[in-house]
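Biologist: Please take a close look at one buried part of this model and describe what surrounds it.

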Amino acid sequence: MNDEKNEEILHEAASDFEFLQEKIKERPINKKKLLKRTIITASMAVLFGLLACLSFLLLEPVLNNWLYPEEEPEIVTFPQEKNEMRPEDMLTEGTSTGQEETVLDQETEESSSLQEQETMSGQMTETVTESSTETMSTETVNTEAASTESESSERPKTEAHTEMETVPVEPLAPYQMQYEELYKVYREIASSMVTVTAVHADVDWFNNTDQSEGTTAGVIIANNNRELLILSRKSSLDNAQAIRVSFCNGVEADAVIKQFDSNTNLAVLAVDLKYIASDTLASVSVATLGSSIISGITGTPVIAVGNLFGYKDTVCYGMITSKGNIVTMADSEYKLMTTDIYAGTNPSGILVDMNMEVIGIIDNSHNHDDTKNLLSAIGITELKGLVTKLSNGEDIPYLGIYVQDISEQMGSELGLPPGAYIVDIDMDSPAMLKGIQKGDILVRVGTQQIHSAADYMNVLRNIHVENSIDIVVRRASVNAYEEMHFMVQPIKQYE
């Protein structure tokens, strides 16, 4: 009974607190909202990553230059030369008259000595006739003694003669010594030579890619603390997908064209020093640019180094046969040197003198038809101003004017004023479009007076493309030459 009462009491107590009980249910998952949040989170992550990459790309060069500052490249200069006479040339010129005087003195001394010998011979004949009778008797007495002495003296002479014959004679030794010295010069300059390879990618009819390579010779001309600068031929590098440079130790590096000149077909290539190992830099050397206007250079020995027969690293020895051949181009004039060296029809490389200096850049494109295989080179003296601008990446100004010097005889006979005679002008060139004509005489460019084609070239090398210049010419009229002014703005040469 008590148990039943207790159960009733508990049931009544539970029913009293029944209103306080609640049932907890799980909240249903909103799949669309969850997917939306997931997409938003992923998008923000991608956006943050892109912003981080963009910030790194923009700030990386700045931070890199701040932490590891690079040296500014040095300005490369090849100073212009003047027609000055070297000390050895002055000595040679001064001793020519002295040698003639010494020859005349020797001839007078020889003539006087001959006269003295004739007088002495006359006196000797008189003395001999007087003493001939006395000596005849003594000769018979001494004949036997002389015969015995001659027999004894002939023996050692014969023995000495046989000893001299056993001494070896080497007639080719001087030639061997000469070629050994030439080889030393070649080995010195070979460290400045490189092989430039242009890689072309060709596609055949079946869309198969085939790589072809063309090589040309190059020479190291400068190191501006950031790049190694190499002078090479431009046409061999046209349409190249990549340019590789092979140094004297066989190491290769990628190169880019820094600047080029379409007139001379020359280009300066740049190889970043970051991609050249220290041992390679130690094994290569920068070539020294010499002079091609030295008096008496014709007939002197030279060494041709480069790609002479279609093969790299070739060398030939020879001599300069002429140096005064003029090659006239637009806004430039160069001297062409010829040699007696046989080469291919399209060689490349340099000419080096015995001082291990570069005096010419090989170029057979200006040869006559009957001398296609004789090596020729453009003189380095006229090229120094151009090479300076190419080495510093400056644009080559173009006006389209062909000029030549006016000789004193031509000026006096035709009554031409001093200046540079315009022999031709390019069609649609900046000079022609402004009114300059063939036959005008160029007398001033800017503030510089023009007396020769070399003056015009030197002034043009210092002109910038974006600046207009005042060109003054004299044009023939009815009775005299009238002065005319033209404001011309040069353009880039390859536009």
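Modeller: What follows goes from an acidic residue in a loop to the core beside it in the account. This is a predicted model, in which local features need pLDDT of at least 70 and side-chain atom pairs count only at pLDDT 80 or more, while totals for chains, interfaces and linings use all residues. Residues are numbered from 1 along each chain as its sequence is written, and side-chain values use heavy atoms, with hydrogens and water left out.

Asp-363 sits in the loop between strands E13 (357–362) and E14 (374–379); strands are DSSP runs of E, at least two residues long, and helices are runs of H or I, at least four, both numbered from the N terminus. Asp-363 is buried, meaning under 20% relative accessible area with a 1.4 Å probe, protein chains only. It has no salt bridge (a side-chain nitrogen of Lys or Arg within 4 Å of a carboxyl oxygen of Asp or Glu). The nearest side chain of opposite charge is Arg-233, 4.9 Å away; Lys and Arg count as positive, Asp and Glu as negative, and His and the chain ends are not counted.

The Asp-363 side chain does make a polar contact of 2.6 Å with that of Ser-365 and another of 3.5 Å with that of His-366. Such a contact is a pair of N or O atoms within 3.5 Å; within protein, one must be able to donate a hydrogen and the other to accept it, and residues adjacent in sequence count only if both atoms are side-chain atoms. Beyond four places in sequence, Asp-363 is in contact (heavy atoms within 4.5 Å) with Thr-264, Leu-336, Ser-376, Ala-377 and Ile-378.

Ile-361, leaving aside neighbours within four places, contacts residues including Leu-231, Ile-350, Ser-376 and Leu-383.

Terms used. Buried < 20%, exposed > 50% of the residue type's maximum accessible area, 1.4 Å probe, protein only.
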